[in-house]
Amino acid sequence: MDFAFAFSVIFTGIVIVFLVLLVLIAVMEIMGRVLGEKPKTPSGGSPEKEAPKVAAPAAPSPVIKKMEVEDGIGDEVVAVISAAIAAFTGGAGKPVAIRRAKSVKAAGGRASWSLAGLQENTQPF
């Protein structure tokens with residue numbers, strides 16, 4: 001086999017691939033500029049001329065009782081549970097307060113995560 005021919009085929013293939021990638025990048029940039037979302041101005045003026053809006057002062061938050069935490073549950077676990085609830089609710093709507101954190105004993109002596117892993121890995125096909 002002729003090595004010069006093999007290298008020329010490899011080089012040509014790599015060049016073609018990168019040229020096509022550059023063309024795709026250019027097409028995506030053009031589409032992004034043409035179809036991109038334009039800033040909306042209610043008065044028809046440019047968005048640079050509008051004065052920044054100042055937020056109204058927040059109302060004082062109500063006094064919340066200290067959360068009850070069972071022994072053996074660390075602060076990190078409480079923080080993770082709070083973050084999970086905040087992510088699940090999306091922070092919109094009614095405010096959520098965690099009042100108590102306690103361990104739940106699973107049936108059969110297994111931990112909850114152990115049971116979840118067992119169920120996931122033994123599902124029928």
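Visitor: Is D71 buried or exposed?
Guide: D71 has a relative accessible area of 75%. This is a predicted model, where local features need pLDDT of at least 70, side-chain atom pairs count only at pLDDT 80 or more, and totals for chains, interfaces and linings use all residues. Buried means under 20% relative accessible area, exposed over 50% and partly exposed in between, with a 1.4 Å probe and protein chains only. With its 75%, D71 is therefore exposed.

Visitor: Where does D71 sit along the chain?
Guide: Residues are numbered from 1 along each chain as its sequence is written. Helices (H or I, at least four residues) and strands (E, at least two) are DSSP runs, numbered from the N terminus. D71 belongs to neither kind of element here, as its place is in the loop between strand 1 and helix 2.

Visitor: How far apart are the C-alpha atoms of D71 and K102?
Guide: Along the chain, 31 residues separate D71 from K102. In space, their C-alpha atoms are separated by 8.2 Å.

Visitor: What is the C-alpha to C-alpha distance between E70 and S103?
Guide: E70 lies in the loop between strand 1 and helix 2, and at 34% relative accessibility it counts as partly exposed. S103 is 33 residues apart from E70 in sequence. In space, C-alpha to C-alpha, E70 and S103 are apart by 7.3 Å.

Visitor: What span should helix 2 have?
Guide: Helix 2 holds 15 residues. The expected span is 1.5 Å times one less than the number of residues. The end C-alpha atoms of helix 2 are 21 Å apart, which agrees with the expected 21 Å.

Visitor: Which residue just after helix 2 takes a positive phi?
Guide: Step just past the end of helix 2 and look at the backbone there. A positive phi of about 75 degrees is found at G90.

Visitor: In what order do the elements run from the N terminus?
Guide: The protein chain has 3 helices and 2 strands to arrange. From the N terminus on, the order is α-β-α-β-α.

Visitor: What share of the residues in the protein chain is buried?
Guide: The protein chain holds 125 residues. Of these, the buried ones make up 2%.

Visitor: Which element has the highest mean pLDDT?
Guide: pLDDT is the predictor's confidence in each residue, from 0 to 100. The protein chain averages 78, and 69% of the residues score at least 70. Among the elements, strand 1 (residues 68-69) has the lowest mean, 70. The highest, 94, belongs to residues 3-35, which form helix 1.

Technical notes: Side-chain values use heavy atoms; hydrogens and water are left out.
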